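I am opening a notebook page on a structure that is new to me. I want to look up a few places in turn and write down what I find.

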Amino acid sequence: MDALVMCGGRGTRLRDGSGRDASGVETEKPLVEVCGRSMLERVAEALRESGLAGTVHAVVSPQAPETAAHAADLSLSTVETPGEGYVADLGTALDAVGRPALTVPADLPLLSAEHVDDALARARTADGTEANADAEPTSLTVCVPAALKRRLGASADTTFEHRSREVAPTGLNVVAGDGDTVALTYDARLAVNVNRPRDRALAEALCG
């Protein structure tokens with residue numbers, strides 16, 4: 001299964017001082033560093049260290065030319081999109097690599113190989129069948145409780161109700177066929193999408 005790292009957005013919510021390099025120049029969001037490394041590099045490393053066994057693609061756009069160059073430096077395959085928004089760009093990328101695919105935003109810098117492996121395992125057992133590494137996966141959305149985000153002080157822009165509980169998507173997904181299973185995790189590392197300066201500060205604190 002291939003993986004798509006979504007990294008073609010503008011990242012405007014981060015650009016109020018936190019999304020700048022040491023010289024004060026605005027940095028494209030996937031290139032913002034957390035604990036000394038770009039978020040794109042951290043996510044790519046987690047995917048490569050997992051049992052994904054597929055190609056890792058950086059989904060780029062004209063909005064972030066430096067990110068595309070950095071992806072090449074990291075020896076990542078790139079998928080070019082028009083930069084018309086997350087959903088539209090994801091559709092373009094899925095058309096390019098096919099399904100099933102694992103998707104993750106570059107703004108999830110505390111992603112680890114174990115998170116990826118757990119998502120893949122859950123996707124292969126979501127229909128109730130016995131665990132099997134060769135089983136065809138089903139679509140899966142990894143979420144955290146919205147209460148966890150609030151307790152940590154992480155931004156929570158999108159939430160929805162699942163089994164009478166408010167949850168927030170992490171951005172880590174398996175996109176396969178019809179249907180969608182919600183996989184809930186309480187891991188604080190997956191509760192931090194770096195959308196705002198306070199999220200970056202929180203990620204720095206948790207990765208130390």
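In which loop is the place of T81? I am working with a predicted model, and in it I find T81 in the loop that runs between β5 (77-80) and α3 (86-97).

Next I looked up whether T81 is buried or exposed. Its relative accessible area is 6%, and because buried means under 20%, I enter T81 as buried. Setting aside the neighbours within four places in sequence, I noted that T81 is in contact with V59, V60, S61 and P62, and also with D89 and T92.

I then turned to A106, whose place is in the loop between β6 (101-105) and α4 (113-125). Its relative accessibility is 3%, so I count A106 as buried too. Leaving out neighbours within four places in sequence, I listed V5, M6, C7, P30, M39, L40 and V43 as the residues in contact with A106. For one of these, V5, I also looked up the separation from A106: the two are 101 residues apart in sequence, while their C-alpha atoms are 5.9 Å apart in space.

My last entry concerns the second largest pocket, which has a volume of about 150 Å³. Its lining is made of 13 residues, and R42, P109, L110, L111 and S112 are those that lie nearest its centre. Which helix supplies the largest share of this lining? I found that α1 does, with four residues, and that α1 (39-49) and α6 (197-207) each supply at least two. By kind, I entered seven lining residues as nonpolar, one as polar and five as charged.

Definitions and conventions:
Residues numbered from 1 in each chain as written. Predicted model: local features only at pLDDT ≥ 70, side-chain atom pairs only at ≥ 80, totals over all residues. Heavy atoms only, no water. Buried < 20%, exposed > 50% of the residue type's maximum accessible area, 1.4 Å probe, protein only. Contact = heavy atoms within 4.5 Å. 1 Å grid on protein atoms, 1.4 Å probe; cavity = no way out; pocket = protein on both sides within 12 Å on 5 of 7 lines; lining within 4 Å. Points joined across faces, edges and corners; volume = space filled by probe spheres on them. Nonpolar A, V, L, I, M, F, W, Y, C, P; charged D, E, K, R; others polar.
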